[in-house]
Amino acid sequence: ACSIGNSGPDASTTTSPGNVPNAMASGAVDSSDLIGNFSSRGPVVWNGVTFTKPDIVAPGVSIRSSNNGPGASAYIVRTGTSMASPHTAGAAALVKQADSTLTGGTIRQTLKTTADKVNQSTVADYPNSFGNGRLNVLTAVNAVLSPDPTPPTIAHTSVEAGTFGTDIVLTAVVTDNRSADLTVLIKYTSGGYTTREATMRPVVAGSTTYRGTIPASDTLEDLRYFI
């Protein structure tokens with residue numbers, strides 16, 4: 001993801017690398033989804049072929065950001081398409097986290113097709129000002145999360161017997177094609193009470209091997225569990 005440039009509002013004012021056809025270039029809108037007057041506009045002519053640019057717009061007006069430099073305050077408010085492009089880059093990272101199998105091209109297309117068509121009547125050449133619309137991170141992530149045709153896999157050797165009044169420690173190898181950050185639960189009943197649950201956690205950070213404990217106070221007769 002990169003910025004489209006701050007040379008607007010005239011047409012054909014995009015800058016490199018945003019005007020490269022395969023770049024995911026971001027223009028800037030304000031909190032009312034109005035295009036920033038400074039935000040560069042397409043179209044782009046590349047090797048004799050005309051392309052619409054930017055690809056998308058994102059918040060880029062009066063954005064609170066970190067600051068650097070000797071004696072500088074920790075934060076500063078800035079405006080520009082360089083404030084918009086990090087929103088797009090972050091969204092791309094979240095989509096990739098949601099489904100690690102996605103290619104860059106698919107992620108780019110997902111962000112474009114899930115963008116909101118905002119303020120379509122505010123400029124004459126909407127596509128070369130707003131691109132495909134304003135970035136919608138939640139819609140983009142949900143688009144790849146549902147449905148997931150490949151459920152998580154759980155490898156576990158069941159515990160067939162235990163001792164009343166002692167902890168029962170369970171171990172399982174749990175993997176998923178879309179995320180390494182999983183919530184793994186043991187749900188169990190024992191002694192006729194309603195279903196309870198215990199959390200399984202990685203044995204070490206980043207591990208796919210999870211371990212959890214059914215506490216001694218719950219290990220009564222007729223214990224049944226599933227992960």
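Reader: Which backbone nitrogen does a side-chain oxygen of N136 approach at the start of α4?
Author: This model is predicted. Helix α4 covers residues 137-145. At its start, a side-chain oxygen of N136 comes to within 3.3 Å of a backbone nitrogen, and that nitrogen belongs to L138.

Reader: Why can the buried residues of α4 be said to line one face of the helix?
Author: The buried residues of α4 are A140, V141 and V144. Looking down the axis of α4, one finds these buried residues inside a limited arc, so they line one face of the helix. That arc is 95°.

Reader: Which helices do the buried residues of α4 pack against?
Author: The residues concerned are A140, V141 and V144, the buried ones of α4. Their packing partners are two helices. One of them, α1, spans residues 81-98. The partners are α1 and α2 (104-113).

Reader: At about what angle to β2 does helix α1 run?
Author: Helix α1 lies across three strands, β1, β2 and β5. Those three strands form an open sheet with parallel pairing. Relative to β2, helix α1 runs at about 120°.

Reader: Which are the edge strands of the open sheet?
Author: The order of the three strands is β1-β2-β5. An edge strand here pairs on one side only. The edge strands are therefore β1 and β5.

Reader: Which residue of β5 stands opposite V29?
Author: Strand β2 covers residues 25-29, and β5 covers 56-59. The two strands pair in the parallel sense over four bridges. Opposite V29, in β5, stands P59.

Reader: Is the peptide bond from G8 to P9 cis or trans?
Author: P9 sits in the loop between β1 (2-3) and β2 (25-29). Most peptide bonds are trans. For the bond from G8 to P9, omega is near 10°, and the bond is cis.

Reader: What is omega for the peptide bond that joins K53 and P54?
Author: P54 belongs to the loop between β4 (49-51) and β5 (56-59). The bond joining K53 and P54 is cis. Its omega is about 5°.

Reader: Does D33 count as buried or exposed?
Author: D33 is in the loop between β2 and β3 (44-46). Its phi is positive, about 65°, although D33 is not a glycine. The relative accessibility of D33 is 16%. Buried means under 20%, so D33 counts as buried.

Reader: What is the phi of S62?
Author: S62 is placed in the loop between β5 and β6 (63-66). Most residues other than glycine have a negative phi. S62 is not a glycine, yet its phi is positive, at about 55°.

Reader: How do the rings of Y126 and F130 pair?
Author: One aromatic pair is found in a search of the whole structure. Both Y126 and F130 are buried. Their ring centres are 4.5 Å apart and their planes are at 5°, so the pair is stacked.

Reader: Is I154 buried or partly exposed?
Author: I154 is in strand β8 (residues 153-155). Its relative accessible area is 44%. Buried would require under 20% and exposed over 50%, so I154 is partly exposed.

Reader: Which residues does I154 touch, leaving out those up to four places away in sequence?
Author: T103 is 51 residues from I154 along the chain, and their C-alpha atoms are separated by 26 Å. With residues up to four places away in sequence not counted, I154 touches A172, V173, V174 and I227.

Notes: Residues numbered from 1 in each chain as written. Predicted model: local features only at pLDDT ≥ 70, side-chain atom pairs only at ≥ 80, totals over all residues. Heavy atoms only, no water. Buried < 20%, exposed > 50% of the residue type's maximum accessible area, 1.4 Å probe, protein only. Phe/Tyr/Trp six-rings, centres within 6.5 Å; stacked < 30°, edge-to-face > 60°. Contact = heavy atoms within 4.5 Å. Axes fitted to C-alpha atoms, helices over the stretch in contact; angles between N-to-C directions. Arc of directions from axis to C-beta. Polar contact = N/O pair within 3.5 Å; in protein donor to acceptor, adjacent residues only side chain to side chain.
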